[in-house]
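Trainee: I would like a close look at one part of this protein model. Please take a single strand, go through its surroundings step by step, and then move outward.

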Amino acid sequence: MQRYLMNFDTRRMETRQEECLVIGSGVAGLTAACQLARHGHHVLLVVRDTLQDSNTSKAQGGIAASLGKDDNPQLHLADTLVAGAGLSNESVSRMVVTEGPEDIRWLAANGAEFDCNADGSLALGREGCHSRNRIVHSHGDATGAEVARALNEMAAKEKNIRTMEGCYVVDLLVHQGRCYGVTALWHGKKICLRAKHIVLATGGLGRLFQHTTNPEGATGSGMAMAARAGAELADMEFVQFHPTALALEGCPNFLISEAVRGAGAHLLNSEGQRFMSDCHPMAELAPRDVVARCIFREMTKAEVSHIWLDARHIENVTEKFPMIAATCRDYGVDIAKDLIPIAPAAHYMMGGVHTDIWGRTNIEALYACGEVACTGLQGANRLASNSLLEGLVFGRRVATIIGKTRLPQAEAGLFWREECLTEDRQTGVAADREASQQILSRYLGIVRQADEMAAGEEKLRQLAAKYEGCSAVSPAELDLRAELICGDLIFRGAQRRQESRGAHYRADYPDQDESLRQHFGDRRKADDEAERFGDENIAAAVTLGMA
């Protein structure tokens, strides 16, 4: 794997020295930045596009938390472990579901507006694999946008937070096991950002696939740069496909929230018949991997590109889901009167940069939180609406541990580097990126098998060989290189896991194998460490970072 993606020489580059560098503006990055600033730390918040461009702002369903009278953290934990198919770390999961409600209260106390009942209590929805109504939502189906708005407003008020938009972080600078900063492209020039603490919150990798619910920036760039720098990654085979993405020609990448099924919507095959009751006892509210595979099977059997979601019988459906209703209306579908054409699409990455229970990686001074991280919560298949919760909890925890960690400044002379990569311009980047997406969609989709994956991996490596030894200087090239690296890591994990578990389904190994109830990558060390955190640590941890 090529260590650096562009030539640089820190002696000739604009260099900035920061205390804390947070990369990414989703729920995890913004939470970490706000919590750090409120405890007196100086933060540079770096985003590749604008503060509004993140997966968080697109999230519809809500945040899962045991805030209902008939609910408690133990029930939420049980549902999380079921969805995780035996790979969620129980200690980490218990910590998240126990601390999460207080993080939501913190968010509400700082301006986030959540939907409430007439008596003032939170209006809680239900989604797949949840045994209770525990989904906190805003404006029906615009929870992510509200969370992003509230966090952005918090960040704007903090004098200790400065922001660099339009800054594409390229590589981590690591020396003798410690991260000292990054190289980046900003307004067309190479810069060096040095910091005592570096937080990766760069999001996921849905853009590796042709059909995805993710925005343009979800290229796996954070995972790829961490891998190049020697960080431990794990569980890369577990890519979650959301069952119900809008499937209309010419429409944008748009998710039809699981909350619509939680409210009673039915899935219908091409003949207009319900089928989920034959697949799982929870029918339309089965775990996402089950629903996605059942839909895929119906589409394959009928040789069609989509099936249908029927929400016509839901009372006041357009008022309950105004954003979904408006988007569908723009493309000629009235969800109160018409069937909604849907198909599965790449949605969420359970694997990523492996961290401990405080968001620390194996590289000193490098932390990860949000979708870029593999914390142990999500296991083989994320429970619906646990993603925003994880971002809140681990964003705060990262800020907490940084506040307790004292590190010296980097030596001024570190990291100058001579030009050593060829500057020959590569042509056909757009076509190669499309080819990469086709390969991953074809060979690493909802159903996988060994011979096809071997063929796909060889095609991807042939494509990657074209760029080996070359210096990338444009965001388009950098996106492609990140996707090629992450694609290779997914292939490796998927081939090694010779079983079907959670979001990873192999036609040649259709059963779950308990001898493979393990993490591929470097998760074992963190699992051992996480087990040392018992219940006695949770009560103390809840109060950290909440002031």
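Mentor: What follows starts at strand 14 and works outward from there.

The model is predicted, not an experimental structure. Strand 14 covers residues 340-349, and 10 of its 10 residues are buried, so the strand is largely enclosed by the rest of the structure. Here, buried means under 20% relative accessible area.

Which strands pair with strand 14? One is strand 11, residues 239-246, which runs antiparallel to strand 14 over 6 bridges. Within that pairing, Q240 stands opposite Y348 of strand 14. Another is strand 13, residues 307-310, also in the antiparallel sense, with 3 bridges. There, L309 faces I340 of strand 14 across the pairing.

Strand 11 leads on to an aromatic contact, since F241 lies in strand 11. The structure holds 2 aromatic pairs. F209 and F241 form an edge-to-face pair, with 5.5 Å from centre to centre and 75° between the planes. This pair links distant parts of the chain: F209 is in the loop between strand 9 (189-200) and helix 6 (221-228), 32 residues apart from F241. How accessible are the two rings' residues? F209 is buried at a relative accessible area of 2%, and F241 is buried at 11%. Both values fall under the 20% cut-off.

Y4 and F8 also form an edge-to-face pair, at 5.1 Å centre to centre and with 75° between the planes. Y4 and F8 are buried too. The ring of Y4 has a further neighbour, as the charged end of R3 sits over it, 4.2 Å from its centre. A similar arrangement involves W358: R397 lies over the face of its ring, at 3.8 Å from the ring centre.

Now take a helix for contrast in kind. Helix 5 has 15 residues, 143-157, and at 1.5 Å a residue it should span 21 Å; the end C-alpha atoms are 22 Å apart, which agrees. Its buried residues are T143, G144, E146, V147, A148, A150, L151, N152, M154 and A155. What covers them includes helix 1 (27-38), helix 2 (55-58) and helix 4 (90-109), along with strand 3 (63-64), strand 5 (135-136) and strand 6 (161-164).

Last comes the record. In an unreviewed entry, UniProt lists residues 21-388 as "domain: FAD-dependent oxidoreductase 2 FAD-binding". In the model, that span is 29% helix and 22% strand, and its end C-alpha atoms lie 21 Å apart.

Conventions: Residues are numbered from 1 along each chain as its sequence is written. This is a predicted model: local features need pLDDT of at least 70, side-chain atom pairs count only at pLDDT 80 or more; totals for chains, interfaces and linings use all residues. Side-chain values use heavy atoms; hydrogens and water are left out. Helices (H or I, at least four residues) and strands (E, at least two) are DSSP runs, numbered from the N terminus. The expected span of a helix is 1.5 Å times one less than its number of residues. Buried means under 20% relative accessible area, exposed over 50%, partly exposed in between (1.4 Å probe, protein chains only). Contact means heavy atoms within 4.5 Å. UniProt positions are given in the numbering used here, feature names are shortened, and annotations may be inferred rather than shown by experiment. Two strands pair if DSSP finds at least two bridges between them. Rings of Phe, Tyr and Trp (its six-membered ring) pair if their centres lie within 6.5 Å; planes under 30 degrees apart count as stacked, over 60 as edge-to-face and the rest as tilted. A charge sits over a ring if NZ of Lys or CZ of Arg is within 6 Å of the ring centre and within 35 degrees of the ring normal.
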